[in-house]
Amino acid sequence: MFINGEFVESQTGDWMEIRNPATQQVVSRVPQSTTKELEEAVHSAQLAFAAWKRTSILSRQRKMLDLQHAIRANMDTLARSIVEEQGKVLSDAKGDVMRGLQVVEDMANITNYMQGSKLEVSADMDTYTVREPLGVVAGICPFNFPARLPLWMFPVALATGNTCVLKPSERDPGAAMILAQLCKDVGIPDGVLNIVHGAHQTVDFLTADPRIRAVSFVGGDRAGKHIYERSTQHGKRCQANLGAKNHAIVLPDANKEHALNAITGAAFGAAGQRCMALSVVVLVGDAGAWVDEIVERARALRVDGGLEPDADLGPMITRDALARAEQLVQSAIDDGAQVVLDGRGVHVPKYPNGNFLGPTVIDHATPSMRCYQQEIFGPVLTCVRVSTLDEALELVNNNRYGNGASIFTRSGACARKFQSEIGAGQVGLNVPIPVPLPMFSFTGNRASFLGDTNFYGRSGVNFYTQLKTITSLWRKQDADDRQAAVHMPTLH
């Protein structure tokens with residue numbers, strides 16, 4: 001663990017193995033932090049808050065500038081840790097780090113984000129607002145972005161003057177521990193960032209402890225609902241990104257080559273293990289004939305270990321995740337869809353024990369099927385065919401999730417209609433994965449998000465701060481009355 005600026009070996013008797021998804025080799029062990037250790041981490045953050053809050057905003061800005069430089073210098077170390085523990089191909093692991101790094105770079109703009117407002121409301125009377133940190137906050141991270149998602153959380157918390165207790169995924173915590181070392185290297189004070197480990201016990205501790213003012217979470221539906229409900233019941237702020245079922249509508253007038261290449265990359269990159277993966281393509285009219293060419297492109301992708309040259313996608317995180325994805329592919333067949341490209345049982349010669357699922361394409365699916373209803377979280381693309389754009393919009397809007405949706409078309413009128421009528425929170429026009437850069441915010445909605453303030457950007461700053469409104473009266477005549485009188489008083 002990382003507590004009060006030091007790496008601490010847990011005294012627990014409960015350890016979980018971290019296995020390389022490509023080889024099944026045990027690469028590390030992660031503890032279930034004990035209650036005493038969790039107490040120490042939160043106490044350390046609480047003690048550090050008083051001084052960190054008083055640290056000038058320019059000093060906190062400087063730490064963000066130093067941290068981004070350190071992350072950039074250690075990009076390869078972070079990426080290789082991600083490949084070893086999570087399974088991503090090396091280029092995608094570097095992208096994982098880079099998208100988190102962008103949040104740190106954006107927090108170097110904290111001086112603008114923290115500005116308040118002021119108004120003279122009456123003669124000599126001003127009302128103005130200031131943003132202040134909450135105190136100790138917690139972050140609970142998933143396995144699919146071991147660097148990016150911790151970097152969604154603790155840099156925003158720290159830049160705004162909070163202290164943080166972070167729980168990385170117990171499946172791949174290595175990148176978060178490297179980031180902790182980098183924070184120490186750049187001089188972020190002891191106790192400002194603490195890292196603990198574990199599963200349900202740690203989650204329940206963080207969501208109940210009264211010293212923790214806010215909880216950030218990214219992950220699945222079941223855990224997210226539990227964390228949101230438990231946090232809010234204990235009076236905490238909570239932001240929780242949950243599951244997704246992201247759609248791309250393809251019109252027959254779309255730029256075919258661009259659309260097919262974009263769909264292929266968005267559906268199968270990172271082995272489909274990302275909340276903004278493109279998991280459903282809605283083919284309108286004659287675009288239904290393009291399925292064969294999607295299959296052709298998907299079949300050409302290389303499945304291999306993450307460090308192998310030219311690998312396009314690596315293994316899934318665990319045996320259980322692989323088995324669940326394979327079961328949902330089988331359910332598509334059982335429900336009457338066609339699996340036109342079946343990646344089950346893919347052979348990867350150098351890694352015979354890996355959790356590999358090759359690119360898989362399901363055609364002629366319908367909204368009632370399990371393969372459509374559930375988030376597969378694997379390299380599986382589900383194809384649905386409709387006749388009109390209106391049918392496509394109705395289908396997407398009837399899905400309970402609202403992370404992202406895209407359209408591929410050359411028609412400005414159709415794109416405008418889509419943009420106006422679609423219910424998802426992040427919209428792509430000829431863009432398959434419309435994740436905003438950090439100067440905006442991640443704005444998933446409906447069943448994909450619980451809370452009312454989104455991650456990073458201005459929304460993230462708002463989440464980690466509270467407004468204080470001050471009204472002051474400094475009367476002009478009080479200044480005038482203080483002038484010394486040098487003349488003899490006279491009667492009037």
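Okay, quick bit of vocabulary before we start: when I say partly exposed, I mean a relative accessible area between the buried limit, under 20%, and the exposed limit, over 50%. D76 is a good case, partly exposed because its relative accessible area is 43%. And keep in mind throughout that what you see above is a predicted model.

Let's stay with D76, since it has a partner. D76 makes a salt bridge with K94, with the closest N and O atoms 3.3 Å apart. In sequence terms the two sit 18 residues apart, D76 in helix α3, residues 75-86, and K94 in helix α4. K94 is partly exposed too, at a relative accessible area of 32%.

Helix α4 turns up again in another pair. R72 and E105 meet through their side chains in a salt bridge, 2.5 Å from N to O. Here R72 belongs to helix α2, residues 57-73, while E105 belongs to helix α4, residues 90-107, and 33 residues separate them. On accessibility, R72 comes out partly exposed at 41%, and E105 is partly exposed at 30%.

Now for a pair that links strands. E132 and K468 form a salt bridge, N to O distance 3.1 Å. E132 is in strand β6, residues 125-133, K468 is in strand β22, residues 465-473, and the two are 336 residues apart along the chain. So is E132 buried or exposed? Buried, because its relative accessibility is 18%, and the cut-off for buried is under 20%. K468, on the other hand, is partly exposed, with 39%.

How many salt bridges does the count come to? The answer is 20 salt bridges. One more bit worth a look on screen: E39, D209 and R211 are joined up in a network of salt bridges.

Right, cysteines. How many disulfides are there? The count is zero. Take C275: the closest cysteine sulfur belongs to C141, and it is 13 Å away, so that's too far for a bond. The cut-off for the sulfur pair is within 2.5 Å, so 13 Å doesn't qualify. C371 is in no disulfide either, with the sulfur of C383 the nearest one at 10 Å. As for where these cysteines sit, C275 is buried, with a relative accessible area of 14%, and C371 is buried at 0%.

Last topic, empty space inside. There are two cavities of 30 Å³ or more. The largest cavity holds about 100 Å³ of space. Its lining is made of 14 residues, and G272, A277, S279, E375 and F377 are the ones nearest the centre. Split by class, that lining has eight nonpolar residues, four polar and two charged.

The second largest cavity has about 40 Å³ of space. Among the residues lining it are K245, N246, H247, Y401, G402 and R446. Which strands each supply at least two residues of that lining? Those would be β12, 246-250, β17, 401-402, and β18, 404-408. By class, the lining of this second largest cavity has four nonpolar, six polar and two charged residues.

If you want to follow along in the viewer, I'd start with E132 and K468, the pair 336 residues apart, and then go to the largest cavity, with F377 among the residues nearest its centre. That's me done, thanks.

Technical notes: Residues are numbered from 1 along each chain as its sequence is written. This is a predicted model: local features need pLDDT of at least 70, side-chain atom pairs count only at pLDDT 80 or more; totals for chains, interfaces and linings use all residues. Side-chain values use heavy atoms; hydrogens and water are left out. Buried means under 20% relative accessible area, exposed over 50%, partly exposed in between (1.4 Å probe, protein chains only). A salt bridge is a side-chain nitrogen of Lys or Arg within 4 Å of a carboxyl oxygen of Asp or Glu. Helices (H or I, at least four residues) and strands (E, at least two) are DSSP runs, numbered from the N terminus. On a 1 Å grid over the protein atoms alone, a cavity is a set of points where a 1.4 Å probe fits but cannot get out, and a pocket is an open set with protein on both sides within 12 Å along at least five of seven lines; lining residues have an atom within 4 Å of a point. Grid points are joined across faces, edges and corners, and a volume is the space filled by probe spheres set on the points. Ala, Val, Leu, Ile, Met, Phe, Trp, Tyr, Cys and Pro count as nonpolar, Asp, Glu, Lys and Arg as charged, and the others, Gly among them, as polar.
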